[in-house]
Amino acid sequence: MNPTPHDHPVPERSLAEINADIRCLFARAEGRLSDAERIRHAVLLGEWASAIRASVVPAA
C-alpha cells in the first residue's frame, strides 16, 4: 500500500528550526526543566518526530 499525502503531512517548520527551539529551551532552563517546560519539550519532540517522518522517502 502506497502512502497517501495525508499519511505524512508536510511540517510547518524545518527540522533545524525545531531543533533550535529544543536547544534554546534547555539553554534557558540550564538543563533543568520545569513542569511547563517539560510539556513544551514533549510538544517539540512530537513536532520533530513528525518532521522526521515527513522527510523519509519511501522505497520504490
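Contact here means heavy atoms within 4.5 Å. Keep that in mind when I say that one helix covers another. One caution before we start: this is a predicted model.

Let's begin with the overall layout. The chain has two helices and zero strands. It runs to 60 residues, and 13% of them count as buried. The accessible surface is about 4,900 Å², with 59% of that belonging to carbon and sulfur atoms. Now look at contacts with a separation of 6 or more. Residues 24 or more positions apart account for 50% of those.

On to helix α1. This helix covers residues 15-29, so to speak its full 15 residues. From first C-alpha to last, α1 reaches 21 Å, close to the 21 Å expected at 1.5 Å a residue. Which residues of α1 are buried? They are I18, I22, L25 and A29. These four cover an arc of only 60° around the axis, which puts them on the same side of α1. The general rule is familiar. An α-helix has 3.6 residues a turn, so residues three or four places apart point the same way. Turn to the other side of α1 and you find A16, R23, A27 and R28 exposed. And what covers the buried residues of α1? The cover includes α2, residues 35-55. Just after α1 comes E30, and its phi is positive, near 55°.

Now helix α2. Its 21 residues should span 30 Å at 1.5 Å a residue, and the end C-alpha atoms are indeed 30 Å apart. The buried residues here are H41, L44 and A51. They sit within an arc of only 85° around the axis, which places them on the same side of α2. The face turned away from that buried side carries exposed D35 and I39. The cover works in return: α1 is part of what covers the buried residues of α2.

There is also a nonpolar patch on the surface. W48, I52 and V56 form it, with about 250 Å² of accessible area together. I52 lies in helix α2. At 30% relative accessibility, I52 counts as partly exposed.

Last topic: charges. A search of the whole structure finds four salt bridges. I will walk through three of them.

Start with R13 and D21. Their closest N and O atoms are 2.6 Å apart. R13 is partly exposed, with a relative accessible area of 24%. D21 is partly exposed too, at 26%.

R13 also forms a salt bridge with E47, at 2.8 Å from N to O. Why does this pair matter for the layout of the chain? R13 lies in the segment before α1 and E47 in helix α2, so the pair ties together parts that are 34 residues apart in sequence. E47 is partly exposed, with a relative accessible area of 25%.

Then D21 and R40. Their side chains meet in a salt bridge at 3.9 Å, N to O. This pair links distant parts of the chain: D21 is in helix α1, R40 is in helix α2, and they are 19 residues apart. R40 is partly exposed, at 38% relative accessible area.

Put the pieces together. Through shared partners, salt bridges join R13, D21, R40 and E47 into one network.

So the picture to take away has two parts. Helix α2 helps cover the buried residues of α1, and α1 helps cover those of α2. Alongside that, the salt-bridge network takes in R13, D21, R40 and E47.

Terms used:
Residues numbered from 1 in each chain as written. Predicted model: local features only at pLDDT ≥ 70, side-chain atom pairs only at ≥ 80, totals over all residues. Heavy atoms only, no water. Expected span 1.5 Å × (residues − 1). Buried < 20%, exposed > 50% of the residue type's maximum accessible area, 1.4 Å probe, protein only. Arc of directions from axis to C-beta. Patch = residues over 30% accessible without salt bridge, like charges linked within 9 Å, V, L, I, M, F, W, Y side chains within 5 Å. Areas by Shrake-Rupley, 256 points an atom, 1.4 Å probe, with all protein chains shown as cover.
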